[in-house]
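This report describes selected parts of one protein model. The sequence and structure are shown first, and the notes follow.

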Amino acid sequence: MAIVEVKVPQLSESIAEATMMTWKKKAGEAVAVDEILIEIETDKVVLEVPAPAAGVLAEIVQGDGATVTTEQLIAKIDTDAVAGAAAAPAAVAAPAAAPAAAAAAAANKGDVAMPAAAKLLAENNLSAANVAGTGKDGRVTKGDALSAIKAGASIPTGAPKAALPQVAAPALKEDLSGRPEQRVPMTRLRARVAERLLQSQSTNAILTTFNEINMAPVMALRKKFQDDFTKEHGVKLGFMSFFVKAAVHALKKYPVLNASVDGNDIVYHGYFDIGIAVGSPRGLVVPILRNADQMSFADIEKKIAEFGKKAADGKLGIEEMTGGTFSISNGGTFGSMMSTPIINPPQSAILGVHATKDRAVVENGQVVVRPMNYFAMSYDHRIIDGREAVLGLVAMKEALEDPSRLLFDL
């Protein structure tokens, strides 16, 4: 018997531990080299653990939900064994706190029961494997569970009850009749976001300044060049590249907006690494546009599109979310009219962009309709005075209302 150990990948120095998600293979099943066995969630990213060798998954040492550290042994692969051999596979060493839920609920098929559905099925001694799921990707919804209960689709007597699975959030379309409740543990990412936001509010002297931006010039420019831009670069010209360019333009004029606090020192950064807040199924992530001042509009749009796809797939790497000297949060994509964004430590300022709406404004004594956007910039008043914050936001406003300023650095 030749045993190859499967271990936790090397974690970042800033990450002490991680959480095992759901095993994609069971003990006794064949695995191919580099086949993904499980994903491990840290407070920043989800790491994939590939099989280091081909063979049979002989033993799962750490089960779903276990807390693990760098280089910890989590499984063993027998490179000489044959899948389906008579020998019974080793039992999973599941920790007491591990919710071995989803895998048990869907032992014989890919369906996964939603939390409320899993609870109902468990209470009525039913198996998710015997219930047809109508939810996304075949997931079993509460409605499916209620139908199965009425139909009496029970599992064999004595079979273990399914536990409530650990999930990131409840399904939006679940039947919420009967005043149900469910308790879902925070993911590591959500807990880390909560910790950092509290840290920001408790350690920074946060103030927010606002201004209104007439987006008509940018919208006209974008419409004029959209088709040619897409043909030339293979990506659409969005608004975020304009926002990034305008932000860098302002940060060059007022370097303290791009600075950070380190003890009693102010660290002025001679580079512009712009964090772009992106929503993902796991929560808020902020990947970084490195050296944004050196990027073209096309470079920015391509990178943001790449970040969006990676965020949706849970593939963002730690290095892509580390650092940053200034951040932009675009709540306008969700319809937000106004907000006061919270600074992302150790940065000292963040720009909040909102939805562009036609509004009545006064120009030269006349009331006219213009597509307006309210910008908000939160800043750390410990090192940034109101003058720099207001003028910085005005510089962004001027750059967007007259984009030619970006060409001549005015």
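The text below takes up strands, helices, one loop residue and the nonpolar cores of this predicted model.

**Strands**

One open sheet contains 4 strands in the order 1-8-6-3, and the pairing is antiparallel. Strand 1 (3–7) and strand 3 (30–31) lie at the edges, each pairing on one side only. Within this sheet, strand 1 pairs with strand 8 (residues 73–78) over 5 bridges. Glu5 has Lys76 of strand 8 opposite it.

Strand 4 (residues 36–41) takes part in two of the pairings listed in the table. Towards strand 2, Thr19 is bridged to Glu41 of strand 4. Towards strand 5, Glu39 has Glu48 as its bridge partner.

| Strand pair | Sense | Bridges |
|---|---|---|
| Strand 1 and strand 8 (residues 73–78) | antiparallel | 5 bridges |
| Strand 2 (residues 18–20) and strand 4 (residues 36–41) | antiparallel | 2 bridges |
| Strand 4 and strand 5 (residues 46–50) | antiparallel | 5 bridges |

**Helix 5**

Helix 5 covers residues 216–233, which makes 18 residues. At 1.5 Å a residue the expected span is 26 Å, and the end C-alpha atoms are 24 Å apart, so the two values agree. The helix nevertheless has a bend of about 55° at Phe225. Its buried residues are Val218, Gln226 and Phe229. These buried residues pack against helix 6 (240–253), helix 7 (297–313) and helix 8 (386–401). Just past the end of helix 5, Gly234 has a positive phi of about 75°.

**Helix 7**

Helix 7 has 17 residues, and at 1.5 Å a residue these should span 24 Å. The distance between its end C-alpha atoms is 25 Å, which agrees with that expectation. Ala298, Ile300, Glu301, Ile304, Phe307 and Ala311 are buried in this helix. Among the elements covering them are helix 5 and helix 6, together with strand 13 (278–280), strand 14 (283–285) and strand 15 (288–289). Gly314 follows helix 7 and has a positive phi, near 70°.

**Glu320**

The loop between helix 7 and strand 16 (326–330) holds Glu320. Is Glu320 buried or exposed? The relative accessibility of Glu320 is 12%, and buried means under 20%, so this residue counts as buried. Its side chain makes a polar contact with the side chain of Lys310 at 2.8 Å. Apart from neighbours within four places in sequence, the residues in contact with Glu320 are Val286, Pro287, Ile288, Arg290, Glu306, Phe307, Lys310 and Lys315. Phe307, one of these contacts, is also one of the buried residues of helix 7.

**Nonpolar cores**

In soluble globular proteins, nonpolar side chains tend to be buried together. In this model the largest nonpolar core has 75 residues. Ile74, Val244, Phe326 and Ile328 have the most contacts inside this core. Which helix gives the most to this core? Helix 6 does, with 9 residues. A second core, separate from the largest one, has 6 residues, including Leu126, Val131, Val140 and Ala148.

Helix 6 thus appears in several places in this account: the buried residues of helix 5 pack against helix 6, helix 6 is among the elements covering the buried residues of helix 7, and helix 6 gives the most to the largest core.

Key:
Residues numbered from 1 in each chain as written. Predicted model: local features only at pLDDT ≥ 70, side-chain atom pairs only at ≥ 80, totals over all residues. Heavy atoms only, no water. Expected span 1.5 Å × (residues − 1). Bend = angle between axes of the 7 residues up to and from the residue. Buried < 20%, exposed > 50% of the residue type's maximum accessible area, 1.4 Å probe, protein only. Contact = heavy atoms within 4.5 Å. Core = buried A, V, L, I, M, F, W, Y, C linked by side-chain atoms within 4.5 Å. Pairing = 2+ DSSP bridges. Polar contact = N/O pair within 3.5 Å; in protein donor to acceptor, adjacent residues only side chain to side chain.
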